[in-house]
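Visitor: I would like a close look at a single part of this model. Please take the charged side chains and how they pair, then place them in the chain around them.

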Amino acid sequence: MPGITQRSTREPAVKTRFLSHGTLKITDVAASRRFYEEVLGLEVVQPMKAALYIRLGGDHTYVCVESKPDRPDMPLLYHNGLDVGSDEEVDEAYRAISEVADEYGVKELNKPVRQHGVYSFYLKDLDGNWWEIGHLPPGGYRFRFADPRNDLTGRTDLTAAEIKDVFVNPHMEE
């Protein structure tokens, strides 16, 4: 079982500027584009026949590469997150996706719950990629970095219950 880590004091080997992109598996470029635009509301461009680039609200991009359908689905814990404006909008998004799930090939749709400081639900898309649609405070997960009480780094003074509480009930920016 992993333990509490310590912050490194070494200089990084690479002087990175920002987290630029990730990749997702898709199995049908046209169907995936339709899902990304019509269901998730993402900005989509197609730079080649077998790939899409998607993004929303910033420069971080996912490169969606067409692959064979027999590739394994993404595990739920490796999901991608999208933010809406309120808890009510989470519920509205859940209802809207429930109504079109079959039409767009949604494989799984979990009901909204409050967990890890966020009200959200998960869905598995037609390509087997998991998405979390939730309502985060302004700045997204910035609160996890802004308040040192949310960082367990170097904390050896906490009980298991206190460690869990840091994650489940984080301190939000005020």
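Guide: Asp59 and Arg55 meet through their side chains in a salt bridge, 3.8 Å from N to O. The model is a predicted one, and this pair is a good place to enter it. Asp59 has 57% relative accessibility, so Asp59 counts as exposed. Arg55 has a relative accessible area of 32%, so Arg55 is partly exposed. The cut-off matters here, because exposed means over 50% and buried means under 20%, with partly exposed in between.

Salt bridges can also share partners. Lys25, Asp73, Lys107, Glu108 and Lys124 are joined into one network in this way. The count for the model comes to 14 salt bridges.

Two further pairs deserve a look. One joins Glu38 to Arg34, with the closest N and O atoms 3.2 Å apart. Both residues sit in helix H1, which spans residues 29-38. They are four residues apart there, so about one helical turn separates them. Arg34 is partly exposed, because its relative accessibility is 32%.

The other pair is Lys15 and Glu11. Their side chains form a salt bridge of 3.9 Å, N to O. Lys15 counts as exposed because its relative accessibility is 63%. Glu11 is exposed as well, with a relative accessible area of 65%.

Now the charges outside such pairs. Asp83, Glu88, Glu89 and Glu92 form a negative surface patch. A residue needs over 30% relative accessible area and no salt bridge to join a patch, and like charges are joined within 9 Å. Helix H2, residues 87-104, gives the most to this patch, with three residues. Glu92 lies in helix H2. Its relative accessibility is 45%, so Glu92 counts as partly exposed.

Glu89 of the patch also gives a link back to the start. From Glu89 to Leu56, the C-alpha atoms are separated by 17 Å, and the two residues are 33 apart along the chain. Leu56 is found in the loop between strand S3 (51-55) and strand S4 (61-66). Its relative accessible area is 49%, so Leu56 is partly exposed.

Helix H2 offers another link. Asp87 and Ser120 are 33 residues apart in sequence, yet 7.9 Å apart in space, C-alpha to C-alpha. Ser120 belongs to strand S8, residues 118-124. At 0% relative accessibility, Ser120 counts as buried. Compare the two links: each spans 33 residues of sequence, with 17 Å for Leu56 and Glu89 and 7.9 Å for Ser120 and Asp87.

Next, the wider frame. The chain has four helices and nine strands. From the N terminus on, the elements run β-α-β-β-β-β-α-β-β-β-β-α-α. Its C-alpha atoms fill a box of roughly 50 × 40 × 30 Å along the principal axes. Of its 174 residues, 34% count as buried.

UniProt, in an unreviewed entry, places the feature "domain: VOC" at residues 18-136. That span is 24% helix and 38% strand. Its end C-alpha atoms lie 21 Å apart.

Strand S2, residues 43-48, holds Val44. Val44 is buried, with a relative accessible area of 8%. From Val44 to Asp165 the chain runs 121 residues, and the two C-alpha atoms are separated by 38 Å.

Finish in helix H4, residues 160-168, where Ile163 is placed. Ile163 has 27% relative accessibility, so Ile163 counts as partly exposed. Ile163 and Leu152 are 11 residues apart along the chain, and their C-alpha atoms are separated by 7.5 Å.

To return to the charges: Asp59 pairs with Arg55 at 3.8 Å, Glu38 with Arg34 at 3.2 Å, and Lys15 with Glu11 at 3.9 Å. The negative patch of Asp83, Glu88, Glu89 and Glu92 completes this view.

Notes: Residues are numbered from 1 along each chain as its sequence is written. This is a predicted model: local features need pLDDT of at least 70, side-chain atom pairs count only at pLDDT 80 or more; totals for chains, interfaces and linings use all residues. Side-chain values use heavy atoms; hydrogens and water are left out. Patches are made of residues with over 30% relative accessible area and no salt bridge: like charges are joined within 9 Å, nonpolar side chains (Val, Leu, Ile, Met, Phe, Trp, Tyr) within 5 Å. Accessible areas come from the Shrake-Rupley method with a 1.4 Å probe; for residues, only the protein chains shown count as cover. A salt bridge is a side-chain nitrogen of Lys or Arg within 4 Å of a carboxyl oxygen of Asp or Glu. Lys and Arg count as positive and Asp and Glu as negative; His and the chain ends are not counted. The place of a charge is taken as NZ of Lys, CZ of Arg, CG of Asp or CD of Glu. Helices (H or I, at least four residues) and strands (E, at least two) are DSSP runs, numbered from the N terminus. Buried means under 20% relative accessible area, exposed over 50%, partly exposed in between (1.4 Å probe, protein chains only). UniProt positions are given in the numbering used here, feature names are shortened, and annotations may be inferred rather than shown by experiment.
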